[in-house]
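Subject: Handover of a structure

Dear colleague,

Please find below the structure that I am handing over to you. My notes on what was found in it follow directly after.

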Amino acid sequence: MNTVTIDLQVNGTVHQITVAARTTLADLVRDHLDLTGTHLGCEHGVCGACTVLVDGAPTRACITLAASVDGGEVTTVEGLDGPVIDALRDAFSAEHGLQCGFCTPGMLVSCCDIVRRRPGASRQDIREELAGNICRCTGYVGIVDAVQRAMAELDQEVAR
């Protein structure tokens, strides 16, 4: 078995890990770092349940080889912190954006990216941005409402 040694930062902690060359980023964070918030759904990069941030960009961890993020910075749902994720967590709860919860980690990672990158996005913009995240419970209305609510709350905090 071919192995590779990878240096990366995950949720602010530096790691040097030797894994099989074919190890995906999702398997690395789940099996080697015990960060099981990253869910594996389709394992084909379609459902978005495995979304993490790699160097700040949403990335499907199930189709990303761990070796390809050598030297990079990975943020999983466990590593999100600050006012954006706090506002999103509260808004997901208030707007019933949580149903079975399977898609929630990937949704929260993608929604953090949307709120940070596209403040003031319209409902249509949010829907288009979330096109790569599938909710098996079809709770999209609550999720889009939650993103808008979080954006509005963050705007009010800035205005104070």
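I begin with charge: the protein chain carries 12 positive and 21 negative charges, and the mean positions of these two groups are 6 Å apart. Please bear in mind that this is a predicted model.

Overall architecture

The protein chain contains five helices and five strands. Their order along the sequence is β-β-α-β-β-β-α-α-α-α. The radius of gyration of the protein chain is 16 Å, close to the 15 Å that the globule rule gives for 160 residues, and the chain is therefore as compact as a globular protein of that length. The C-alpha trace spans about 50 × 35 × 25 Å along its principal axes.

Of the 160 residues, 44% count as buried. The surface that the protein chain exposes comes to about 8,000 Å², and carbon and sulfur atoms supply 48% of that area. Where contacts link residues at least 6 apart in sequence, 56% of them join residues at least 24 apart.

Strand pairing

Strand 1 (residues 3-10) and strand 2 (residues 13-20) run antiparallel and are joined by eight bridges. Two facing pairs may help you to find your way along this pairing. Threonine 5 is opposite threonine 18 of strand 2, and isoleucine 6 is opposite isoleucine 17 of strand 2. The hairpin formed by strand 1 and strand 2 has two residues between the strands, and asparagine 11 in this hairpin adopts a positive phi near 50 degrees.

Strand 1 also pairs with strand 5 (residues 73-75); here the two run parallel, with two bridges between them. Glutamine 9 has glutamate 73 of strand 5 as its bridge partner.

Alanine 20

Alanine 20 belongs to strand 2. Is this residue buried or exposed? Alanine 20 has a relative accessibility of 22% and therefore counts as partly exposed, since the buried class is reserved for values under 20%. Leaving aside residues up to four places away in sequence, alanine 20 touches Met1, Asn2, Thr3 and Val4. The C-alpha atoms of alanine 20 and threonine 3 are separated by 4.3 Å, although the two residues are 17 residues apart along the chain.

Two aspartates with positive phi

Most residues other than glycine have a negative phi. Against that background, two aspartates deserve a note.

Aspartate 34 is a residue other than glycine with a positive phi, near 55 degrees. Where does aspartate 34 lie? Its place is in the loop between helix 1 (25-32) and strand 3 (51-54). With a relative accessibility of 62%, aspartate 34 counts as exposed, because that class begins over 50%.

Aspartate 55 likewise is not a glycine and has a positive phi, of about 50 degrees. The loop that holds aspartate 55 lies between strand 3 and strand 4 (57-60). The relative accessible area of aspartate 55 is 56%, and this residue is exposed.

For a first look at the model, I would suggest starting from strand 1, which pairs with strand 2 in antiparallel fashion and with strand 5 in parallel fashion. The loops that hold aspartate 34 and aspartate 55 could then be viewed in turn.

With kind regards

Conventions. Residues numbered from 1 in each chain as written. Predicted model: local features only at pLDDT ≥ 70, side-chain atom pairs only at ≥ 80, totals over all residues. Heavy atoms only, no water. Helix = DSSP H or I, 4+ residues; strand = E, 2+ residues; numbered from the N terminus. Rg over C-alpha atoms; globule rule 2.2 N^0.38 Å. Buried < 20%, exposed > 50% of the residue type's maximum accessible area, 1.4 Å probe, protein only. Contact = heavy atoms within 4.5 Å. Areas by Shrake-Rupley, 256 points an atom, 1.4 Å probe, with all protein chains shown as cover. Lys, Arg positive; Asp, Glu negative; His and termini not counted. Charge placed at Lys NZ, Arg CZ, Asp CG, Glu CD. Pairing = 2+ DSSP bridges.
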